[in-house]
Structure formats: C-alpha cells, structure tokens
Amino acid sequence: MNKRARIIYNPTSGREAIRRDLVDILAVYEKAGYETSAFATTASPKSAEKEARRAALDGFDLLVAAGGDGTINEVVNGVAPLENRPKLAIIPAGTTNDFARALRIPRNEPFEAASVILKDQSALMDVGRANEEYFINIAAGGSISELTYKVPSKLKSMYGYLAYVVKGAELIPRTKPMHLRVKHDEGIYEGPSSMFFLALTNSVGGFESIVPDAKLNDGKFTVLIVKTTKIPEIMTLITEVLNGGRHVDDPNLIYVKSSHVEVESLNADEKVMVNLDGEYGGDAPMVFENFQKHIEIVSNFNEKDEKHLL
C-alpha cells in the first residue's frame with residue numbers, strides 16, 4: 001500500500017509563498033514515496049487542527065504543517081491526543097518560525113524546507129500540554145509575552161520579527177509585576193515576576209541563547225522565571241542573553257528543568273494570560289506536563305545539533 005501525505009497549509013502565510021510553490025512541493029513528497037494531497041486552511045476556528053485530526057484518523061502516514069508557528073501548533077493539537085500519531089514535517093512561512101529554527105529547517109524557503117524529507121531524517125520530539133491544550137515550542141506568561149497579541153497581523157507580514165522587537169521595546173517600560181506561585185520539580189517559587197516561560201527547544205523568539213542547554217527530547221521543560229520588574233535589571237538580563245547566555249546565573253532569574261509545572265496567581269484579582277507557541281492559550285491557573293518523545297518530526301540536524309538530543 002502506498003504511503004500517504006497530507007499538506008495542511010496556511011494560504012496567507014509568508015506572503016502566500018507556499019501557495020505559489022505548491023505544485024513543486026507536492027512533487028517533492030511524491031518523489032519521497034508519498035501519495036500527496038493538500039488542504040488550505042480557512043478562517044474558521046481550529047481549521048488546521050480539525051483537518052490534522054481527520055487525516056490522522058484516516059490513516060495518513062505523514063502530515064505536513066505549512067505556515068507559521070500558529071499553524072504548526074494547530075496541527076500538533078490535532079494529533080497529540082491520539083494513540084496513533086502520524087509523522088510530522090514542517091514547512092515554515094511565518095514571522096519567527098522558532099520551531100523550524102530548532103529543527104534546522106530552512107525558513108521562508110518552502111521548496112527547500114519540503115526537500116528536507118528526501119534526507120529521510122527524523123527525531124522523536126517532546127510535546128507540552130497546558131491543561132487541555134498542547135504546545136510544541138514555548139509557553140509563557142507576563143507583560144512582555146503579551147506583545148505577541150499586540151502586534152497587528154499586517155505589521156507582522158510586512159516587517160516580520162522586527163515588528164516584535166519594536167513592540168517589545170515599547171512594552172518594557174509598562175512591565176507590571178505578577179504575583180505567582182510556580183511549582184516545579186525542584187521546588188516552589190512564590191513572589192513577584194515580570195515573566196515566566198517554559199521552553200521545549202533552544203529557539204525562543206528568534207534567539208538560541210535564551211535556553212543554551214535545551215534538550216529537545218529529554219522529557220523536561222526549561223523553566224525560566226524573571227523575578228524582577230525593574231527596567232534596568234530586565235535590560236541587564238537581555239544583555240546577558242545577547243552575550244552568550246550568562247543570564248542563567250543571574251540572581252533575578254530562576255532557571256530549572258522540570259517535567260511538571262503548575263502556575264497560579266497569588267492575587268485573585270490578577271489575570272495571568274498564557275501564551276502557547278505565540279498564541280493566546282488561556283489564563284492561569286494552569287498545569288503543564290511534558291510528554292517525552294511524543295511525536296516523530298522530520299528534522300535537518302547536523303552533527304553539531306546532536307547535543308540537543310538524547
């Protein structure tokens with residue numbers, strides 16, 4: 001029986017680059033031995049997630065998530081709860097493309113990204129769950145993480161990651177403290193925080209130095225809790241990140257590994273919004289669990305990248 005692949009693509013991502021290259025992309029997967037078809041997502045809620053689940057239940061061998069981090073997140077949510085999960089491939093065409101960066105998949109080059117399948121290389125990757133929603137790269141909360149929701153889609157399409165940088169610089173002076181209880185494998189933190197996040201990969205917001213020791217399939221999140229809300233101290237942390245990851249020892253930061261994390265507000269009147277892979281994922285309280293080696297994903301790793309895998 002022939003293997004089957006389903007390309008689930010966002011027709012508006014990457015200035016419609018995927019749609020322009022679709023015929024050539026289909027040919028790549030056919031060359032790799034897959035009878036291949038395509039589905040264009042729509043504006044209806046969870047369009048990619050629903051199609052991913054349908055295709056998985058129909059027995060497709062490979063699902064290709066083609067679009068930005070949001071499209072990839074939806075496809076993961078479609079298959080992660082299932083007992084039998086098809087292999088995934090990524091064709092990035094969004095703004096930051098963090099997960100594709102971690103997998104070394106060519107970004108903003110759809111044909112080259114599709115051609116990675118011809119290397120016949122994949123890895124079993126960890127997947128996170130936040131209450132009932134899954135994520136593949138990062139979960140975050142706090143004033144700075146909310147910039148993802150505040151950058152207009154048109155601005156992101158025109159200026160890409162620069163749009164986030166500009167908006168982030170604008171938001172830092174408005175940073176307000178949260179009062180959190182964060183329970184992790186190493187203990188409990190109770191106190192003020194300007195931001196927390198849980199990373200599954202070494203690529204966060206376009207930077208690979210924020211989580212320099214990340215393992216992509218060790219069953220653990222890298223948990224970072226920024227305890228300070230003072231602008232000079234936050235700027236110091238940012239400088240340490242840019243200077244090779246010295247932030248991991250900064251006293252204003254908690255940096256631990258954990259497979260299970262619980263986050264809640266200590267203030268009943270304080271709303272803590274949680275960002276999952278760049279999109280709003282609900283409010284705390286929230287329980288995060290790491291599912292080790294949960295999904296097989298086509299990768300483009302070289303020997304230097306082996307340090308990020310078990």
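Select lysine 87 to begin: this residue is buried, with a relative accessible area of 18%. The model on display is a predicted one. Add glutamate 296 to the selection; the side chains of lysine 87 and glutamate 296 form a salt bridge, with 3.8 Å from N to O. The pair ties together distant parts of the chain, since lysine 87 belongs to strand β4 (residues 87-92) and glutamate 296 to strand β16, 209 residues apart. Glutamate 296 counts as partly exposed, because its relative accessibility is 32%.

**Along β16 to β13 and β8**

Next, display strand β16 (residues 286-298) together with β13; the two run antiparallel and are joined by four bridges. Pick valine 263, whose bridge partner in β16 is methionine 286. Now bring in valine 182, which stands opposite valine 263 of β13. Strand β8 (residues 178-184) and strand β13 (residues 260-265) are paired in the antiparallel sense, again over four bridges.

Stay in this region and select arginine 181 with glutamate 190, whose side chains meet in a salt bridge of 2.5 Å, N to O. Arginine 181 is partly exposed, at a relative accessible area of 27%, and glutamate 190 is also partly exposed, at 47%.

**The open sheet**

Select the six strands that form an open sheet in the order β12-β11-β10-β7-β14-β15, with antiparallel pairing. At its edges stand β12 (253-258) and β15 (279-283); each has a single partner strand, so one side of each lacks a neighbour in the sheet. From one strand to the next, the twist averages 20°.

Within this sheet, isolate β7 (residues 138-142) and β14 (residues 273-276), an antiparallel pair with three bridges. Alanine 139 has leucine 276 of β14 as its bridge partner.

Then move to the edge strand and select lysine 257 with aspartate 213, a salt bridge of 3.1 Å from N to O. Lysine 257 is in strand β12, whereas aspartate 213 is in the loop between β10 (195-199) and β11 (221-226), so that the pair links distant parts of the chain, 44 residues apart. Both partners are partly exposed: lysine 257 has 22% relative accessibility and aspartate 213 has 38%.

**A network, and helix α2**

Select Arg4, Arg6, Glu51, Arg54 and Asp58, which are joined into one network by salt bridges that share partners. The count of salt bridges in the model comes to twelve.

Extend the selection to helix α2 (residues 47-57), where the buried residues are Ser47, Ala48, Glu49, Glu51, Ala52, Ala55 and Ala56. These buried residues pack against β1 (3-9), β2 (34-40), β3 (62-67) and α3. After α2 comes glycine 59, with a positive phi near 90°.

**Asparagine 73 in α3**

Which residues does asparagine 73 contact, leaving aside neighbours within four places in sequence? Select asparagine 73 in helix α3 (residues 69-79), then display Tyr134, Phe135, Leu276 and Asp277, which are those contacts. Asparagine 73 counts as buried because its relative accessibility is 12%.

**The whole chain**

Finally, show the whole chain, which has nine helices and 16 strands. Of its 310 residues, 53% are buried. Among contacts between residues at least 6 apart in sequence, 74% join residues at least 24 apart. The exposed area is about 14100 Å², of which carbon and sulfur atoms supply 50%.

Colour by pLDDT: the mean for the chain is 86, and 83% of residues reach 70 or more. Residues 155-167 have pLDDT below 50, and this stretch has 23 contacts in the model beyond near neighbours in sequence.

Note on methods. Residues are numbered from 1 along each chain as its sequence is written. This is a predicted model: local features need pLDDT of at least 70, side-chain atom pairs count only at pLDDT 80 or more; totals for chains, interfaces and linings use all residues. Side-chain values use heavy atoms; hydrogens and water are left out. Buried means under 20% relative accessible area, exposed over 50%, partly exposed in between (1.4 Å probe, protein chains only). Contact means heavy atoms within 4.5 Å. Accessible areas come from the Shrake-Rupley method with a 1.4 Å probe; for residues, only the protein chains shown count as cover. pLDDT is the predictor's confidence in each residue, from 0 to 100. Two strands pair if DSSP finds at least two bridges between them. Axes are lines fitted to C-alpha atoms, for helices over the stretch in contact, and angles run from 0 to 180 degrees between N-to-C directions. A salt bridge is a side-chain nitrogen of Lys or Arg within 4 Å of a carboxyl oxygen of Asp or Glu.
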